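Subject: Handing over the structure

Dear colleague,

I am passing on to you the structure that you will find below, and after it I have set out what was found, beginning with a pair of helices and going on to the sheets. Please read the notes with the structure open beside them.

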Amino acid sequence: MMKRVTIVLLLLLLAVIPSSCTSPSESGRMRVVVSIQPLAWFAERIAGDLAEVRVMVPPGGNPHTYEPLPRQMRMLAETAFFVKAGSGVEFEIDWMERFMTLNPSLTVYDAARGVALLPMAAGHGHQHGSSVFRYDPHYWLAPRNGMLIADTIAGAFSKEDPQNSALYRENARRLKEELEELDAFIRGRLQGLGNRSFLVFHPAWGYFAHAYGLHQIAAEEEGKSLTPRQMERVILQAREAGITVVFVSPQFSTAQAETIARGIGGVTRSVDPLAFSYDENLRAVTAAFLEGGR
Ligand SMILES: [Zn+2]
């Protein structure tokens, strides 16, 4: 009798202890946390129903300045693994160490693995602490890099949940096919672009520009407001390049961008470097650049 009670208690105890490598949520799905929204799209495409994906920097949040909430810190304890952007996004530079100190068993995968990071355009270093990061962190905005992200995330799921490895690999294969089509679509559309220079407030489109032979002119530096003198310089540069659109993003104030737009007799137009629906978003961005460069 005693023995049976002990066994039942033991079984109950075992039932509440999470397994070491996969942490199931109430729904029984693996829990995964990623830094930014586009990475959540990749993780969901790779894992389908097998995982519940959470994002650290929420919609509208700015990864260059975001600070996680206490409940997000707690959520890391129930996470099978974490996928970071890995390219020098300030949020990660400021917080990754703390995440790992608080959760020593947390496995972190680097989505930038294998990606050739580009240097920031001259004078546009993203600053963190006392040194200036020399790479442009926004690599996910080129579909060719998206293909590498797909492989890295499929590798992460396969490692953490080897049983379903074939499914993750197959989903990645399909996703990469789609991204190849997306790349060809964008290339085709932008071939006929009249003005290949474009002006952005925050310089998030360097990889996109590099992939499709465009020239990004950036207004803002290191997230700081522009001085009147810098504003004047940007307006002159934009006029010389025949630019009539200032691209803005939802994560940044548009006040100065609007002043620049008035200065060149143009308009502002929003393009989102952090949208969840990666494929749809890059098609919309392509259309915006096409219109802006007519
Ligand atoms: Zn940025």
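**Helices H6 and H10**

Helix H6 (residues 165–191) and helix H10 (residues 278–292) pack with their axes 10 Å apart and at an angle of about 5°, which makes H6 roughly parallel to H10. Please keep in mind here and throughout that this is a predicted model. On the H6 side, the residues that meet H10 are Glu 178, Leu 182, Ile 186, Arg 189 and Leu 190, and their counterparts in H10 are Asp 279, Leu 282, Thr 286, Phe 289 and Leu 290. Sorted by class, the contact of H6 with H10 has 6 nonpolar residues, 1 polar residue and 3 charged residues.

**The sheet S2-S1-S3-S4 and the helices H5 and H2**

One open sheet is formed by 4 strands in the order S2-S1-S3-S4, and the pairing in it is parallel. Strand S2 (51–55) and strand S4 (107–110) stand at its edges, and each has a single partner strand, so one side of each is left without a neighbour in the sheet. From one strand to the next, the twist averages 25°. Strand S3 (residues 81–84) pairs with S4 in the parallel sense, over 4 bridges, and one place to look for this pairing is Phe 81, whose bridge partner in S4 is Thr 107. Helix H5 (residues 143–160) packs on this sheet, where H5 touches S3 and S4, and the direction of H5 makes about 170° with that of S3.

H5 also has a helix as a packing partner, since helix H2 (residues 37–47) and H5 pack at an angle of about 55°, with 9 Å between their axes. H2 and H5 are therefore oblique to each other, and H2 passes H5 in a right-handed crossing. The residues that meet are Phe 42, Ala 43, Ile 46 and Ala 47 in H2 and Ile 149, Ala 150, Ile 153, Ala 154 and Phe 157 in H5. By class, the contact of H2 with H5 is made up of 9 nonpolar residues, with no polar and no charged residues.

**The sheet S8-S7-S9-S10**

A further open sheet is formed by 4 strands in the order S8-S7-S9-S10, with parallel pairing. Its edge strands are strand S8 (215–218) and strand S10 (267–270), each of which pairs on one side only. On average, neighbouring strands of this sheet are turned by 40° against each other, direction ignored.

Strand S7 (residues 197–200) pairs with S8 in the parallel sense over 4 bridges. Within this pairing, Leu 199 has Ile 217 as its bridge partner in S8, while the bridge partner of Phe 198 in S8 is Gln 216. S7 and S8 also belong, together with helix H7 (residues 206–212), to a right-handed β-α-β unit. To strand S9 (residues 245–248), S7 is joined by 2 bridges, and these strands run parallel; here the bridge partner of Val 200 in S9 is Phe 247.

**Helices H8 and H9**

The last pair to describe is that of helix H8 (residues 228–240) and helix H9 (residues 255–263), which pack at an angle of about 45° with their axes 9 Å apart. H8 and H9 are therefore oblique to each other, and the crossing in which H8 passes H9 is right-handed. Their contact is made by Met 231, Val 234, Ile 235 and Ala 238 of H8 together with Gln 256, Thr 259, Ile 260 and Gly 263 of H9. Divided by class, the residues of the contact of H8 with H9 are 5 nonpolar and 3 polar, with no charged residues.

With kind regards

Conventions: Residues numbered from 1 in each chain as written. Predicted model: local features only at pLDDT ≥ 70, side-chain atom pairs only at ≥ 80, totals over all residues. Axes fitted to C-alpha atoms, helices over the stretch in contact; angles between N-to-C directions. Parallel < 35°, antiparallel > 145°, perpendicular 65-115°, else oblique. Left-handed = near helix turned anticlockwise from the far one by under 90°. Contact = placed C-beta atoms within 7 Å. Nonpolar A, V, L, I, M, F, W, Y, C, P; charged D, E, K, R; others polar. Pairing = 2+ DSSP bridges. Right-handed = clockwise from strand over helix to strand, strands pointing away.
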